[in-house]
Amino acid sequence: MSDFIFSSLAQPQGELTKQIQGIYRSNPPEVQEFHGTWGSLGVSRNTYKGFDPLETQDHIFVVIGGPVLYFRNNRFLTESDPFVGTEAIYRRWLSGEIEWDQDLSGPFSVLIVDKKAAHITYVTDLMMFIPVYRFKGENALFLGTHVDALARTANQTSHRDQVSLADFILHDAVTYPYTTYRNIRQASPACIMTETPDAVLSQEVYWLPKEGNPYESIDEAATALREALERYVGRVTENMDEVAQFISGGEDSRVLLGLIPHDLRRHAFIFLDHMNREGKIAEKAARAYGVDFHAAFRSETHYLEILEEASDLVGSGHQYHHAHTLGFHEICGLTEYPAVFGGYLSDTLLKGLYARKVRGSTRFPFLPEVFVPGETRTQPVTCPLFSDAILEEINHRRIAHMERVREIRPETAHEWFVIWPVTMRSGVPNIYTNRRLVSSYEVFLCHDVVKIGAAVPIQWKLNRRLFHKATRAYLEPSKWMLHSNGMLPYFPWYLSKPVQFFVWCWQKFAEWVGITKGNQGPWFDWNVLINSRELKELIEKYSENLDRLPLVRQKNPAKSIFEDSILTKEQKLNLLQMLYQLS
C-alpha cells in the first residue's frame, strides 16, 4: 500500500481515512481500515498490484511500496490477484526463512499486527527509502509513513520542534532521527522492531552499510553491479508488455534505455519549461534506442504553483520541490503503466556525489575528482536569523549523527552523513512522490546495488570509474552523443573530461553573450522563481506564520528576509514551504 497509520488507541471509524486522504489535494486513494482490541489501522490503496493488506485469524500484514521479490517470481505485478505479493511475504515470514536484505529489493516497509497478543512489528528497508515515523505516548503507540498525517492522528500538530524547523530551513532536511514534531521520531533503517504500547519487546538491525570491500578488483565489482541491474529489471518486467521511464539529457537514463528489455513497448518521459538543450538531447537519445519520446511542459513558476499540494504530499521536513512528477502523472498517463523506471540516486550511491573532494570539482565538472579525507559536516552552523541556543542544538544533533555514521563509515563519514539513512538526502522526496502516484521502480535502489555502493572504496566510485565499467555496454547506441553537461558518457573520464572542458566553456560563453537564452536544464530556474510575482504573493499569503518560527528577527517583515542575502535561494524556498506548512 502507499501509506499506513497505526494507533494502539481505538480511533473512530473514518478518522484514519480522513488523515491519510488529507495527504492528497485531488483524487485521494481509497483507505481500508481495521479495528480491534489492539487498536486501529488505516492503509491506503497501493499503486503496485498484488500488495493489498492481508488479514488472517492471527495477523494483519501490510506491505508499503512495491518491493521486488527475490525468493519467487513477480509475475503478479500485472495480474489481478490483490493479495499474492503480500501473502508470499507473509508465508515466508511465518516460516522463519525470510531474509529482509535478500528477499525484498527496493523501497518498502512492512507492518505486522498480532491481533491476539497486541504486538506490533514493523520492518524498514536497507536505507529507509520509505520512512516510518513513531510517536510514543503514555500507554499509547502511533506509527505512520507520513509524518504530518501521523501528527494529526496523535494530536501532535501543536508540538512543533523549533530546532528542527530551523534545521530544515538551513540544511534542506531534518537531522536524523528527529522530525518537525518534538515527540515524533524516525525509525531506524534496516530494522525489525516489535513493541507494545508499553514496551519495546525486540529490536534487530539486519544490515548496516559498513565499509569493507569484498571485491578483488574494480572489474569484479563492475560485473556484480551490471548483473545486479539486469537481475532487478528482469524480475520487474518478466510478465510485462509495456513500460515507461523517465529520461533526461544525462547518462543514467541512457543506461535505463539500454537496460530495459528491448522487446517491450517503451515510453520515455521528460518534464521541461520548454524544449531546451536538455530536451533535445533526451529526444535524440530516445531515438537512438528506439524508444517513444514524450515531452510535457510546465510554466516557469510551476514549482511555486505546486508548493501547497506537493508540500502536503511529501510531508514537513522534506523539500517539496523534488515532487517533479506531481500533475504530470495524470497528464502523461503514467498511472496506466505497470512500471515506471527511474535512475535516481546513482550519483549518490555509485559516483561519490557527496564524498569530500578537492574543491572546484563541483563548480567545474571537467576537473578530475580527488578524494579528500576528513569531514566538514559538523562545522558550527551560523545564521543571524536564529538564536545561539537554537544553533547550538542543531550543532549538537549533527555531531551526534556524525558519530553514529563514523562508527560504521570511519573513512567516508562525510559522504554517508547525508545519505544514511536516506532521509538525510534532500532530494529523497522524489521517491515519496513517485511511489504515491505511480508504480515506480528505481533501479539503483535495488538491494544489490545499495550493498555494492556501500562496500566499494570511494576511489572506485569517483570519476565514474565503477559506473562506467559496469554500464558502458548500455551506452553504446549513444556513443558519440554528448551528455547535457558536455561529457561523452560512453568514454572513460580521462577521455571524456577534455571534451567536457571545451563544451562547458562554449556553453558558458553562449550564455554570457546571449546566444543561449532561457532555462536549459531539466528543472526550474532559481532566479525566475525567486524574482517572480507568484513568490511575492505566497510570501504575503503566509507571512503571518513567521511568529511560529524561532526567528530572532521576528519584528522584521517576511519581505525583508526574502530580499536580503542572509539565506540562500534554496533556504528561502525552504522557509516559504515551512511558512505554508505551519498554517
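**View 1. Strand 11 (residues 140–144) is mostly covered in this predicted model**. Of the 5 residues of strand 11, 5 are buried, where buried means under 20% relative accessible area, exposed over 50% and partly exposed in between, with a 1.4 Å probe and protein chains only. Cover is present on both faces of strand 11: Ala-140, Phe-142 and Gly-144 are buried on one side, and Leu-141 and Leu-143 on the other. In a regular strand, side chains alternate between the two faces of the sheet. Strands (E, at least two residues) and helices (H or I, at least four) are DSSP runs, numbered from the N terminus.

**View 2. Strand 11 pairs with strand 1 and with strand 10**. Strand 1 (residues 4–7) runs antiparallel to strand 11 and is joined to it by 3 bridges; pairing requires that DSSP finds at least two bridges between two strands. In this pair, Phe-6 stands opposite Leu-143. Strand 10 (residues 133–137) is likewise antiparallel to strand 11, with 5 bridges, and Tyr-133 faces Gly-144 as its opposite residue. Strands 10 and 11 form a hairpin with 2 residues between them. Within the turn, Asn-139 has a positive phi of about 55°.

**View 3. An open sheet is formed by 6 strands**. The strand order is 4-5-8-9-13-14, with antiparallel pairing. Strand 4 (54–55) and strand 14 (200–205) are the edge strands, each pairing on one side only. Inside this order, 4 bridges connect strand 9 (residues 119–124) with the antiparallel strand 13 (residues 191–195). Ile-120 is placed opposite Glu-195 of strand 13.

**View 4. Helix 2 (residues 84–95) lies across strands 4, 5 and 8**. Helix 2 runs at about 120° to strand 5 (59–64); axes are lines fitted to C-alpha atoms, for helices over the stretch in contact, and angles run from 0 to 180 degrees between N-to-C directions. Strand 8 comprises residues 109–114.

**View 5. Asp-101 is a buried residue of helix 3 (residues 100–103)**. The relative accessible area of Asp-101 is 15%, which is why Asp-101 counts as buried. Leaving aside neighbours within four places in sequence, Asp-101 is in contact (heavy atoms within 4.5 Å) with Leu-126, Tyr-206, Trp-207, His-447 and Lys-451. Ile-331 is 230 residues from Asp-101 in sequence and 36 Å away in space, C-alpha to C-alpha.

**Notes.** Residues are numbered from 1 along each chain as its sequence is written, and side-chain values use heavy atoms, with hydrogens and water left out. In this predicted model, local features need pLDDT of at least 70 and side-chain atom pairs count only at pLDDT 80 or more, whereas totals for chains, interfaces and linings use all residues.
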